[in-house]
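Please look through the sequence and the structure shown here, and keep both at hand while reading. The paragraphs that follow begin with one residue and then widen to the rest of the chain.

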Amino acid sequence: MPDHPFRRIRSTVSALAACALAMTVVAAGATPAYAAADTERPTAPGPITVVAIDTTSVELTWAASTDDVGVVRYPVGAQFEDSGAQYSTDTNSIRITNLRPSRTYTFSVWALDAAGNSSVSNPTLRLTMPPGDDQPPSAPGQPVAYDVTATVVRLRWAHSVENVALDRYEVFRVDAGGTLTRVREVYQYPPVNSAQISGLAPNTTYTFVVQARDEVGHLSPLSAPVTVTTLPPPTCSVRSTVGQWPDGFVARLQVTNTGSTAIDGWTMRWRFYAGQQLRSLWGAEVVDRDSSYLRVRNVRYNAVIPPGGTVSLGLVATGTQLPEEITLNGGLCTVADE
């Protein structure tokens, strides 16, 4: 009987299937090399040595780690005091830039393999960068006082000019006889050119100056002084009208000046938690808020509260924390609810 084409096709398919089955059986009994989990840690890199250095960068190298499969990456840490940064390289050397002159950094290196196994760190290298700054900063601009209350003064000033990098500003109170008492340091990097001075006495005159310090420790000349008088302690009462729903409220606050002198410009603060949202505000404008309080100030038409006079403001907000611990210009108001 002649060989039919379809019979030849079926025969070929059967042969291929049998071959595939045989390969599967063989594969099932084998253990490929890559199937074994890599649990061995690389060895620690060798000690760090400096190849090149200038005032703001350093090139480091170390003896390579060994691993049963292979090292894929070297994380590198650079620590200064309580802050730090991490870098990465796939070779046994790295160039780190944007460092700061005269600072002392602690460098460390460890190795990672493809399975994520980490070596122990090599011996750390403590390195002080070369000084790159031989000039002091210029004097900060004359401070300007704003948002003055009975117990708080906020200051801002024009930045100092510095040839490398500023480290901080220091605010001093000028006492009788010209004695300087430091009342605030502004450490943020880069330093901000403003500061809040708290804990002052009401109705008291103060003089402040500002000085800049660069990263090497050079001090600028003192700024021109600013003299400011805190406000008298306010005497106030607040009557609040509140409408509430399950997760929100509307509050109307009527603030009365119960003192004998006019209040010319005011800020109010009350408890207002971070999870709350301010939906609407009238009769005042927001100054700032933190995790516990909201601070607002007068608008143009209600800045002055004469003795016995009142101003009204209101808000709509989420949450259930109603306005409490209300202060006016730093003084605590008595609160009566309706």
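Once neighbours within four places in sequence are set aside, Gly243 is in contact with Gly248, Phe249 and Val250. This glycine has its place in strand β16, which covers residues 236–245, and, with a relative accessibility of 26%, Gly243 counts as partly exposed, because the buried class requires a value under 20% and the exposed class a value over 50%. Another residue to look for from here is Val316, which is 73 residues away from Gly243 along the chain, while the C-alpha atoms of the two are separated by 9.5 Å.

Before going further, it helps to step back to the whole chain. The model is predicted, and the mean pLDDT of the protein chain is 87, with 89% of its residues reaching 70 or more. Over residues 4–35, however, the pLDDT is below 50, and this stretch has three contacts in the model beyond near neighbours in sequence. The secondary structure of the chain comes to one helix and 27 strands, and of the 338 residues in the chain, 37% are buried. When the contacts with a separation of 6 or more are considered, 65% of them are accounted for by residues 24 or more positions apart. The accessible surface of the chain comes to about 18300 Å², and 54% of that surface belongs to carbon and sulfur atoms.

Individual residues can show what such contacts look like in the model. Glu215 lies in the loop between β14 and β15 (226–229), and the C-alpha atoms of Glu215 and Pro101 are separated by 7.4 Å, although their positions lie 114 residues apart along the chain when counted from one to the other. Leaving out residues up to four places away in sequence, Glu215 touches Arg100, Pro101, Val164, Ala165 and Asp167. Is Glu215 buried or exposed? Glu215 counts as buried, because its relative accessibility is 13% and the limit for that class is under 20%.

One of the partners of Glu215, Val164, can be followed next. Val164 lies in the loop between β10 and β11, and at 35% relative accessibility it counts as partly exposed. Apart from its neighbours within four places in sequence, Val164 is in contact with Pro101, Gly132, Asp133 and Glu215, and its C-alpha atom is 9.6 Å from that of Pro136, a residue 28 places away in sequence. Glu162 also lies in the loop between β10 and β11, but with a relative accessible area of 16% Glu162 is buried. Beyond four places in sequence, Glu162 touches Asp133, Gln135, Pro136, Pro137 and Asp214; for the last of these, Asp214, the distance from Glu162 is 7.4 Å from C-alpha to C-alpha, with 52 residues of separation in sequence.

The next feature is the largest pocket, which holds about 250 Å³ of space. The lining of this pocket is made by 15 residues, and those nearest its centre are Phe80, Glu81, Arg103, Asp167 and Arg168. The elements that give two or more residues to this lining are β11 (166–174) and β14 (205–214). Sorted by class, the lining has three nonpolar, three polar and nine charged residues.

Two of the residues nearest the centre of the pocket, Arg103 and Glu81, can be looked at one by one. Arg103 is found in the loop between β5 (93–96) and β6 (104–109), and it counts as buried because its relative accessibility is 16%. With residues up to four places away in sequence left out, Arg103 touches Phe80, Leu127, Thr128, Met129 and Asp167. Glu81, for its part, lies in the loop between β3 (71–80) and β4 (83–89), and at 65% relative accessibility Glu81 counts as exposed.

Glu81 also has a backbone detail to notice, since its phi is positive, at about 50°, although Glu81 is not a glycine. Asp147 likewise is a residue other than glycine with a positive phi, in this case near 50°. Asp147 lies in the loop between β9 (144–146) and β10 (153–156), and, with a relative accessible area of 16%, Asp147 is buried.

Note on methods
Residues are numbered from 1 along each chain as its sequence is written. This is a predicted model: local features need pLDDT of at least 70, side-chain atom pairs count only at pLDDT 80 or more; totals for chains, interfaces and linings use all residues. Side-chain values use heavy atoms; hydrogens and water are left out. Helices (H or I, at least four residues) and strands (E, at least two) are DSSP runs, numbered from the N terminus. Buried means under 20% relative accessible area, exposed over 50%, partly exposed in between (1.4 Å probe, protein chains only). Contact means heavy atoms within 4.5 Å. On a 1 Å grid over the protein atoms alone, a cavity is a set of points where a 1.4 Å probe fits but cannot get out, and a pocket is an open set with protein on both sides within 12 Å along at least five of seven lines; lining residues have an atom within 4 Å of a point. Grid points are joined across faces, edges and corners, and a volume is the space filled by probe spheres set on the points. Ala, Val, Leu, Ile, Met, Phe, Trp, Tyr, Cys and Pro count as nonpolar, Asp, Glu, Lys and Arg as charged, and the others, Gly among them, as polar. Accessible areas come from the Shrake-Rupley method with a 1.4 Å probe; for residues, only the protein chains shown count as cover. pLDDT is the predictor's confidence in each residue, from 0 to 100.
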